[in-house]
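Reader: I have a structure open on my screen and would like to go through it with you. Could you take me through it a piece at a time?

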Amino acid sequence: MEVTMAMFVAKRLLMALATVLVVAVLAFLLVHAMPGSPGAVSLGAGASQEAIDAFNQHLGWNDPLVVQFFRWLGDAVQGNFGNSLIDGRSISADLANRLPVTAALAAGATVLSAILGIALGVTAAVRGGLLDQVIGGFLGLLVALPAFWIGIIFVYLFAVQSSVFPATGFVPFSVSPQDWALSLALPIITLAVGAAAFIARQTRASMLDALQQEHIRTLRATATPTWRILYVHALRYASLPIVAGIALQFIGLFGGSVIAEQLFAMPGLGQAVQTSVSTHDAPAVQGVVVVATVVVVAVNLVLELTTKFLDPKLRAA
């Protein structure tokens, strides 16, 4: 069993590394397909062609693509993504500052959406009837609402009208833990609303299936407490698709937080990629894409291992 599990982990690690490498190659090629050159971007429209050519030559932009890629890859493996063409800042340092912001948004929204989604899904599945219909209609409304519209409503209600939370901006945890939490509150709630609806639907479907299982009926016949049947046995049986749904929501929130980051002026990866693409900052684009891919692939790997652990059939496979 231990050997089989080790082989499974090794195979998944190789697949994860291959995925990151493929994305790195695609990002590199797409960046080189962008119009202009680093010299033209960095020096501006008023620069002479001689100055632009000299700048590109200094960067090695005219070297063969294979040479450029492996040179960049060697630096990236060591955590060096180069410097911005716009202001010369270290891209690695910038990403290190931005990654915790996006991670905090995605993690906070995932936890909140999981709590709300599981609670609503279990309630709908267990209670049924009119309450199930009301919850289903409410979830359908939440899914249909655009995230930016929800964010604007929350800003108006909780920042403009009541001043409970700040409307925009981000405060680092090292500066003030309380202000850090307050600055994240509205973006997290905005992102969690739609995600909670998807998790609730998945939880409801999984719980309905779990409650129909033979061992659940046996537990009811033996007078096992209802709370234990629901929250220990049934929810554990239904946990596999729920955990997968929560992990996929984290991936979606991590990669799709750009709307919330722009709306609430959060200095995260989403804001960085939008800025770097609009300014043709090629090294910054590559750095953001690779870092985001590594996070997504790591979450997928953890999800696969968790799924194998939770499902006895997969553990024995």
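Author: Let us begin with Phe-148, which lies in helix H7 (residues 147-161), where a helix is a DSSP run of H or I with at least four residues, numbered from the N terminus. This is a predicted model, in which local features need pLDDT of at least 70 and side-chain atom pairs count only at pLDDT 80 or more, while totals for chains, interfaces and linings use all residues. Residues are numbered from 1 along each chain as its sequence is written, and side-chain values use heavy atoms, with hydrogens and water left out.

Reader: Is Phe-148 buried or exposed, then?

Author: Phe-148 is partly exposed, with a relative accessible area of 45%; buried means under 20%, exposed over 50%, and partly exposed in between, using a 1.4 Å probe and protein chains only.

Reader: And what does Phe-148 touch, leaving out residues up to four places away in sequence?

Author: Phe-148 touches Ile-259 and Leu-263 on that count, a contact being heavy atoms within 4.5 Å.

Reader: Changing topic, how many salt bridges are there in the whole structure?

Author: A search of the whole structure finds six, each defined as a side-chain nitrogen of Lys or Arg within 4 Å of a carboxyl oxygen of Asp or Glu. One of them pairs the side chains of Arg-98 and Asp-94 at 3.1 Å, N to O, and these two residues both lie in helix H5 (residues 91-127), four residues apart, about one turn of the helix.

Reader: Which residues are joined into one network with them?

Author: Salt bridges that share partners join Asp-87, Arg-89, Asp-94 and Arg-98 into one network. Within it, Arg-89 meets Asp-94 at 3.4 Å, N to O. Asp-94 counts as buried at 15% relative accessibility, and Arg-98 counts as buried at 16%, whereas Arg-89 is partly exposed at 30%.

Reader: What about the largest nonpolar core, which members touch the most others?

Author: Trp-72, Phe-81 and Leu-95 do, out of 45 residues in that core, and its largest share, nine residues, comes from helix H8 (residues 177-211). A nonpolar core here is a set of buried Ala, Val, Leu, Ile, Met, Phe, Trp, Tyr and Cys residues joined through side-chain atoms within 4.5 Å.

Reader: And what are the neighbours that Leu-95 touches?

Author: Not counting residues up to four places away in sequence, Leu-95 touches Phe-81, Pro-100, Leu-269, Gly-287, Val-288 and Val-291.
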